[in-house]
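Notebook open, viewer loaded. I want to go through rings, charges and cysteines.

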Amino acid sequence: MHQASIAHLKKNVAPYEKTDTKASIRQLVNTLVPLVLLWYGAYLSLSVSYWLTLPIAIVAAGFVVRTFIIFHDCCHQSFFKNRLANDILGTITGVLTLCPYEQWKNAHAIHHATSSNLDKRGIGDIWILTVDEYAASSLWQRITYRIYRNPLVMFGLGPSFVFLLQYRFNRKGARRKERMGNYLTNVLLVALYALLIWAVGWQAFVMVQGPIFFVSGLLGIWLFYVQHQFEDSYFENEEEWSYVKAAVEGSSYYKLPTVLQWITGNIGFHHVHHLSPKVPNYNLEKAHEATPPLQMATTITLRTSLKSLRFHLWDERNKTFVGFRDIKRVLGKTDPAVHSIKKHSPSLQGK
């Protein structure tokens with residue numbers, strides 16, 4: 001992409017980077033108030049039927065995702081004009097979404113600075129191996145990678161591991177501010193959950209919060225996963241890597257139904273967000289519509305996004321994602337990890 005094109009893109013998007021305080025407050029109200037009411041409604045419905053509680057909890061989980069988008073904007077200092085206001089709200093919404101504000105903000109900044117850069121993977125992103133890296137890996141690493149990429153593990157166990165365990169501990173080498181922020185989030189989280197358990201009882205708390213946590217966590221990981229892992233995504237080594245190409249070609253436009261787009265805070269316009277993280281979530285669609293080159297980003301839908309479950313490895317030769325079953329075709333050899341797994345898993349034998 002030529003420098004003139006890059007400058008043109010940034011110029012077109014710049015007007016939408018301005019924060020609208022009234023819009024931010026309006027979004028805060030129409031997100032947190034329904035979340036509280038839905039949580040209380042789910043609790044009250046326990047006396048009627050748990051089959052009534054579950055759909056209410058699922059809707060509440062959607063508002064947790066929307067709360068996370070507010071948290072996400074605070075991490076980019078794009079929700080309010082004032083830095084302190086973003087930090088305070090980010091800490092509060094971080095407690096509601098189980099995300100330590102400072103830790104997540106720092107890791108996510110690295111994600112934006114290195115997204116789609118094959119030489120700078122490992123922080124703030126999902127584990128991705130290239131076909132050649134996988135071929136050169138030990139048998140144990142291949143098996144570990146296959147387990148990690150299994151949908152039941154990534155989206156079933158993933159939310160509990162990430163939000164309940166990983167985010168409760170400081171990263172190696174974290175600075176004092178990040179460590180203190182993590183401790184504060186943990187203390188506030190324990191205090192909030194202790195208060196709720198005291199108010200409604202531990203059983204009711206688990207029956208309401210359990211499905212809300214699981215569904216919102218699953219949706220959160222799914223959104224992060226699908227927005228960068230589509231068939232013709234963009235990955236390059238450092239010397240060839242381009243920030244703008246990584247944003248426009250390495251991030252998808254996840255075209256969702258209107259209701260889901262609203263619930264997910266327009267994060268489906270992920271290519272716009274990566275191009276300019278300063279654009280508040282409520283301006284992402286406007287920036288997309290006003291900038292024709294951005295409308296050329298890869299568009300995925302609910303139906304087509306399910307194909308990403310078959311993408312496991314990045315094929316540097318053909319610049320595309322492939323599945324484990326494609327390894328033989330790409331490299332002309334079989335995968336010993338398959339034989340090892342099949343040998344110890346009768347359900348896989350014969351496949």
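How many aromatic pairs does the count come to? I get 25 aromatic pairs, where rings of Phe, Tyr and Trp (its six-membered ring) pair if their centres lie within 6.5 Å; planes under 30 degrees apart are stacked, over 60 edge-to-face, the rest tilted.

Ground rules before I go on. This is a predicted model, in which local features need pLDDT of at least 70 and side-chain atom pairs count only at pLDDT 80 or more, while totals for chains, interfaces and linings use all residues. Residues are numbered from 1 along each chain as its sequence is written, and side-chain values use heavy atoms, with hydrogens and water left out.

**Ring pairs.** I looked up phenylalanine 71 with tyrosine 101: they are edge-to-face, 6.2 Å centre to centre with 75 degrees between the planes. Phenylalanine 71 is in helix H3 (residues 50-75) and tyrosine 101 in helix H5 (residues 101-114), so this pair ties together parts 30 residues apart in sequence. Helices (H or I, at least four residues) and strands (E, at least two) are DSSP runs, numbered from the N terminus. Both phenylalanine 71 and tyrosine 101 are buried, meaning under 20% relative accessible area (exposed is over 50%, partly exposed in between; 1.4 Å probe, protein chains only).

Next I pulled up tyrosine 253 and phenylalanine 269, which are stacked at 4.8 Å centre to centre, with 20 degrees between the planes. Tyrosine 253 belongs to strand E2 (residues 253-254), and phenylalanine 269 to the loop between helix H12 (258-263) and helix H13 (270-275), 16 residues apart. Tyrosine 253 comes out buried at 11% relative accessible area, and phenylalanine 269 is buried at 2%.

**Around H7.** I listed the buried residues of helix H7 (residues 139-149): Arg142, Ile143, Tyr145, Arg146 and Arg149. They sit on the same side of H7 because they cover an arc of only 160 degrees around the axis, taken from the directions from the helix axis to the C-beta atoms. Tyr145 also joins Trp127, Tyr134, Tyr148 and Phe324 in one aromatic cluster.

Which rings do the arginines sit over? The charged end of arginine 142 is over tyrosine 134, 5.2 Å from the ring centre, and that of arginine 146 is over phenylalanine 324, 4.1 Å from the centre. My rule wants NZ of Lys or CZ of Arg within 6 Å of the ring centre and within 35 degrees of the ring normal.

**Cysteines.** I find 0 disulfides, a disulfide being two cysteine sulfur atoms within 2.5 Å. For cysteine 75, the nearest cysteine sulfur is that of cysteine 74, 7.1 Å away. Cysteine 75 is buried at 8% relative accessibility.
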